[in-house]
Amino acid sequence: MQYQFTVEGMTCGHCERAVVHAVREVDTDAVVKVDLATKQVSVESDKAREVIANAITEEGYKVAA
Ligand SMILES: [Cu+2]
């Protein structure tokens, strides 16, 4: 599945890596792309959307509804 998230609170490369890492923790095969400027995170994963969103939230970033 291909998911698109708007994620608040990412400001730098560290945040980007933290988000990618958080997603990979729930799905090691996930393909994650982060665009800091537009706050967009696209994820290709077999996991449910909520599982990915929760992983990002637990890392300390806000997923817009
Ligand atoms: Cu940062």
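The following exchange concerns the sheet, the helices and one residue, Val63, in a predicted model.

Biologist: In what order do the 4 strands of the open sheet lie?
Modeller: The sheet is open and its strands pair in antiparallel fashion. Strand E2 (31–35) and E4 each pair on one side only, which places them as the edge strands. Read across the sheet, the order is E2-E3-E1-E4.

Biologist: Which residue in E3 is the bridge partner of Val32?
Modeller: E2 and strand E3 (residues 40–44) run antiparallel and are joined by 5 bridges. For Val32, the bridge partner in E3 is Val43.

Biologist: What angle does the direction of helix H1 make with that of E2?
Modeller: Helix H1 (residues 13–26) packs on the sheet, where it touches strand E1 (2–8), E2 and E3. Its direction, taken against that of E2, makes an angle of about 155°.

Biologist: At what angle to E1 does helix H2 run?
Modeller: Helix H2, which spans residues 49–58, lies across E1, E3 and E4. Relative to E1, helix H2 runs at about 25°.

Biologist: Is Val63 buried or partly exposed?
Modeller: Val63 belongs to strand E4 (residues 62–63), and E4 is one of the edge strands. Val63 has 19 C-beta neighbours inside 10 Å, whereas a buried residue needs 20 or more. Because of that count, Val63 is classed as partly exposed.

Biologist: Which residues is Val63 in contact with, leaving aside its neighbours within four places in sequence?
Modeller: Val63 and Val19 are 44 residues apart in sequence, and their C-alpha atoms are 11 Å apart in space. With the sequence neighbours within four places left aside, the contacts of Val63 are Phe5, Val7, Ala53, Ile56 and Thr57.

Notes
Residues are numbered from 1 along each chain as its sequence is written. This is a predicted model: local features need pLDDT of at least 70, side-chain atom pairs count only at pLDDT 80 or more; totals for chains, interfaces and linings use all residues. Helices (H or I, at least four residues) and strands (E, at least two) are DSSP runs, numbered from the N terminus. A residue is buried if 20 or more other C-beta atoms lie within 10 Å of its own, exposed if 12 or fewer, and partly exposed in between; C-beta atoms are placed from the backbone. Two residues are in contact if their C-beta atoms, placed from the backbone, lie within 7 Å. Two strands pair if DSSP finds at least two bridges between them. Axes are lines fitted to C-alpha atoms, for helices over the stretch in contact, and angles run from 0 to 180 degrees between N-to-C directions.
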